[in-house]
Amino acid sequence: MLALTQFVVVIDASIVNVALPSIGTALHISQDHLSWVVNAYVLAFGGFLLLGGRLADFLGRRRMFVAGIALFTIASLLGGFAQNETWLIAARALQGLGAAIASPAALSIVTTTFAEGSERNRALAIWGAVAGAGGAAGVLLGGVLTEYLGWEWVLFVNVPIGALIIWQAPKRLTESTSGAQNRAFDLPGAVTVSAGLALLVYTLVDADKAGWTSTTTLLRGLGALALLAAFTVIEWRSRNPLLPLSTFSLRTLRGANVVGLLVGMALVSMFFLITLYLQQVLGFSALAAGFAYLPLSVSIIVAATAASTLVTRLGFKPVLIAGLAFVALGLAWFSQVRPDGSFAVDVLGPSVLAGLGLGLSFVPLTIAAVTGTTPEQAGLASGLINTTQQIGGALGLAILASIANSATTDALTSGVRDLKVALTDGFSDAFLVGAGFAVAGIVLAAVLISNRDSREHSQAAQCGEVTVPAV
């Protein structure tokens, strides 16, 4: 049930992509504003994840899980009935808020329900498999629903799933909190971090349109950094901080979140660029593009399932590094796409290779991000790793869209007359940079994540014991 929640949360970031042309036509939304049907969700989700995780620790994980799913479900229903642009974008933002409350609560329930070691590894393998496949499945499901039922059903599909989860949660989950005696809530910290993260995500998703060096982008970026700096000062001085800075004394947690940022950048680059290449260069319909993601989805699920056993035997660090190496090779292979290419030659092979890498990366990364955390830190650690991946996704999309657009423009101005050739030049350059993100992740995982934590986790998983990681 918890994995199903994460699956729905993840696919909703991508399921509307293939429905955007239909949404624009039906609600008379201009091309410039259409991207906000996606961005509104990402903005609210990324901005409130950290707050959602801490609320779960303070107010009850099951309570916040159900509240988040209820909000998400209601927003999905409202979005499906949207009659205009403002209505739909507001509903998507409300969906993102509900997801930001439910997702870290669900992950913290997983980490506090299953003992650290092989049991938790198996649980997180399921979690990683459905989360990793969610992005690809969103494109497939969005294409099918839009083709046969209409764009409204990319939102309506969440309603019965949400209702099922709300019905079953009280029966299958026990309530739990951090157990802290002092429950004073850090309101100034909550306001500054949520505003700072939301503004940072907004700056990144709008940077390509506004211009990376424009005054608007620079002022927004400075504003986001100022809010996050103020949050750090508040947390340092607060008796009951929303995010205790001592949390970052865990070396593996620090390293996992840095690597998570780069995994998010590489992941978004792949899904974004593959979809554009399939539709704009190979001429695939939305439905055909969705089905083209099946091999990628299957390879993610297979690899994530195997990752549980590999982490137990080898530790999470070598498995994470191996996974990132597969991702880097897959994206480098994608950089060889051709304007007259085909799915079998240009997409299938690198899709499977990169999918295996993502499946091998998600599970050890999640395990590393929560290794050694106490029950009091479960929601916080869950919100933190989700936040870094969301910010990484927004940053990666902004960078790679800019690179692809710039390379395409340069090709056209230099005399290239075939638009498909120019587009492929842009996609090729962006894929190569995406591979660079994965390589950077390999280097930082090797340097920042503790070998000792990884070995001890493996030994404890094999012996059924729990470890306390090094600081």
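**Exercise 1.** Decide whether H28 counts as buried or exposed in this predicted model, and describe where H28 is found.

*Solution.* Begin with the relative accessibility of H28, which is 69%. The cut-off for an exposed residue is over 50%, and H28 therefore counts as exposed. Next, place the residue along the chain: H28 is found in the loop between α2 and α3, the latter spanning 31-34. Finally, look at the backbone, where phi of H28 is near 60°, a positive value in a residue other than glycine.

**Exercise 2.** Work out how the buried residues of helix α2, the helix followed by H28, are arranged around its axis.

*Solution.* First list the buried residues of α2 (residues 20-27), which are L20, I23, G24 and L27. Then look down the axis of α2: these buried residues fall within an arc of 100°, so they line one face of the helix. As a last step, turn to the face directed away from that buried side, which carries the exposed residues P21 and T25.

**Exercise 3.** Find the helix that holds Q6, determine whether Q6 is buried or exposed, and name the residues in contact with Q6 beyond its neighbours within four places in sequence.

*Solution.* Q6 has its place in helix α1, which covers residues 2-11. Its relative accessibility is 5%, and since buried means under 20%, Q6 counts as buried. Once the neighbours within four places in sequence are left aside, the contacts of Q6 are with S103, W127, A131 and N386.

**Exercise 4.** Determine how α1 is oriented relative to helix α9 (residues 158-172), and which residues meet between the two.

*Solution.* Start from the axes of α1 and α9, which come within 11 Å and cross at roughly 155°. Angles over 145 degrees count as roughly antiparallel, and α1 and α9 are therefore roughly antiparallel to each other. The handedness comes next: α1 passes α9 in a left-handed crossing. The residues that meet are L4, T5 and V8 in α1 and N158, I161 and I165 in α9. Sorted by class, the residues of this contact comprise four nonpolar, two polar and no charged.

**Exercise 5.** Carry out the same kind of analysis for helix α4 (residues 36-59) and helix α10 (residues 187-205).

*Solution.* The axes of α4 and α10 come within 8 Å and cross at roughly 150°, which makes α4 roughly antiparallel to α10. Their crossing is right-handed. On the side of α4, the residues making the contact include W36, F48 and L51, while on the side of α10 they include A190, L197 and Y202. Divided by class, the contact of α4 with α10 has 13 nonpolar, four polar and no charged residues.

**Exercise 6.** Establish the relative direction of helix α5 (residues 61-80) and helix α6 (residues 85-113), and the classes of residue in their contact.

*Solution.* The axes of α5 and α6 come within 7 Å and cross at roughly 155°, an angle that makes α5 roughly antiparallel to α6. As for handedness, α5 passes α6 in a left-handed crossing. Their contact has 18 nonpolar, seven polar and two charged residues.

**Exercise 7.** Locate L242, decide whether L242 is buried or exposed, and give the separation of its C-alpha atom from that of G264.

*Solution.* L242 lies in the loop between α12 (215-237) and α13 (251-281). With a relative accessible area of 2%, L242 is buried. Along the chain, L242 and G264 are 22 residues apart, and their C-alpha atoms are separated by 24 Å.

Technical notes
Residues numbered from 1 in each chain as written. Predicted model: local features only at pLDDT ≥ 70, side-chain atom pairs only at ≥ 80, totals over all residues. Heavy atoms only, no water. Axes fitted to C-alpha atoms, helices over the stretch in contact; angles between N-to-C directions. Helix = DSSP H or I, 4+ residues; strand = E, 2+ residues; numbered from the N terminus. Parallel < 35°, antiparallel > 145°, perpendicular 65-115°, else oblique. Left-handed = near helix turned anticlockwise from the far one by under 90°. Contact = heavy atoms within 4.5 Å. Nonpolar A, V, L, I, M, F, W, Y, C, P; charged D, E, K, R; others polar. Buried < 20%, exposed > 50% of the residue type's maximum accessible area, 1.4 Å probe, protein only. Arc of directions from axis to C-beta.
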